[in-house]
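User: I am new to this structure. Please take a close look at the largest pocket, and then at the parts of the chain that go with it.

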Amino acid sequence: MSANANLWLYFVVVFGIIALPGLDMAFVMGSAVLGGRRAGLAAVAGIVSGGVCHLAMSALGVAALLRLWPALFNAMLGAGALYTAWIGWQILGAGGGFVQHLPGKACGMGATFRRGLVTSLLNPKAYLFMLAIFPQFLKPGPEPLWTQAALLGAITALTQAGIYGALAWLGGGAGRWLEGRPGAATLLARAMGVLLILVAALSAAQLLGSLF
């Protein structure tokens, strides 16, 4: 397979994975709907930054360490589930408070960026991707592996920015529509909270399945 065909195939695979609903997508949509487009884009920036960290950790061999030391991966899986459930519980507990957007620092761009970064770093699916799929597109040859990894990482980051950025833009528009409809906004906020808790439950089930 030629280098260009390899890159196009990688793009198709990455696009399909990112487009699937999951924790990152739910966080971006929730941030945009509840905090506006700027909050949504800050969430995207945090998640993309987390993806860059995944690439760097993979290059340094952390992903291989997780594969060789399953207990460490299980700990990360559990931490991700707890963090996701905590965010979902916060949204559920706030209820109608989200109608006027998240107050204070919780709605700040920096806080949303940091939450997006942590959400990405605690997403076990990203590590599975780096272990199972990413290495298959690194081809021994005249081009250094680190150059190939950087190019694949750039494709991943741009694809995330494109898909999640579009969702943030659309979600921000939906947020303005909800401002005059407090009942619908409260219902959507609670649905977001339930969705995140369900994602956490699925991660916990995966953890229990690997232990027993």
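Analyst: Among contacts in the chain between residues at least 6 apart in sequence, 82% join residues at least 24 apart, where contact means heavy atoms within 4.5 Å. This is a predicted model, in which local features need pLDDT of at least 70 and side-chain atom pairs count only at pLDDT 80 or more, while totals for chains, interfaces and linings use all residues. Residues are numbered from 1 along each chain as its sequence is written, and side-chain values use heavy atoms, with hydrogens and water left out.

The chain has nine helices and zero strands. Helices are DSSP runs of H or I with at least four residues, strands are E runs of at least two, and both are numbered from the N terminus. Of the 212 residues in the chain, 42% are buried; buried means under 20% relative accessible area, exposed over 50%, and partly exposed in between, with a 1.4 Å probe and protein chains only.

Now to the pocket. Its search uses a 1 Å grid over the protein atoms alone: a pocket is an open set of points where a 1.4 Å probe fits, with protein on both sides within 12 Å along at least five of seven lines, and lining residues have an atom within 4 Å of a point. Grid points are joined across faces, edges and corners, and a volume is the space filled by probe spheres set on the points. The largest pocket has a volume of about 530 Å³. It is lined by 26 residues, of which I17, I18, D24, A126 and Q160 are closest to the centre. Two or more lining residues come from each of α1 (3-19), α2 (23-35), α3 (37-59), α7 (124-132) and α8 (145-179). The most is given by α8, with five residues. By type, the lining holds 16 nonpolar, eight polar and two charged residues. Here Ala, Val, Leu, Ile, Met, Phe, Trp, Tyr, Cys and Pro count as nonpolar, Asp, Glu, Lys and Arg as charged, and the others, Gly among them, as polar.

The helices named for the lining also appear in the largest nonpolar core. Such a core is a set of buried Ala, Val, Leu, Ile, Met, Phe, Trp, Tyr and Cys residues joined through side-chain atoms within 4.5 Å. This one has 27 residues, and Y10, V28, V44, F129, F134 and Y164 touch the most other members. Two or more core residues come from each of α1, α2, α3, α5 (70-94), α7 and α8. Again α8 gives the largest share, eight residues. Beyond its neighbours within four places in sequence, V44 is in contact with V28, A161, Y164, G165 and A168.

In helix α7 sits M130, which is buried at 7% relative accessible area. The C-alpha atoms of M130 and M57 are 9.4 Å apart, although 73 residues separate the two along the chain.

Helix α1 also carries aromatic rings. Rings of Phe, Tyr and Trp (its six-membered ring) pair if their centres lie within 6.5 Å; planes under 30 degrees apart count as stacked, over 60 as edge-to-face and the rest as tilted. The count comes to two aromatic pairs. W8 and F11 are edge-to-face, at 6.0 Å centre to centre and 85° between the planes. These two lie three residues apart in helix α1, so about one helical turn separates W8 and F11. W8 is exposed at 59%, and F11 is partly exposed at 30%. F11 and F15 form a tilted pair, at 5.9 Å and 50°. Together, W8, F11 and F15 form one aromatic cluster.
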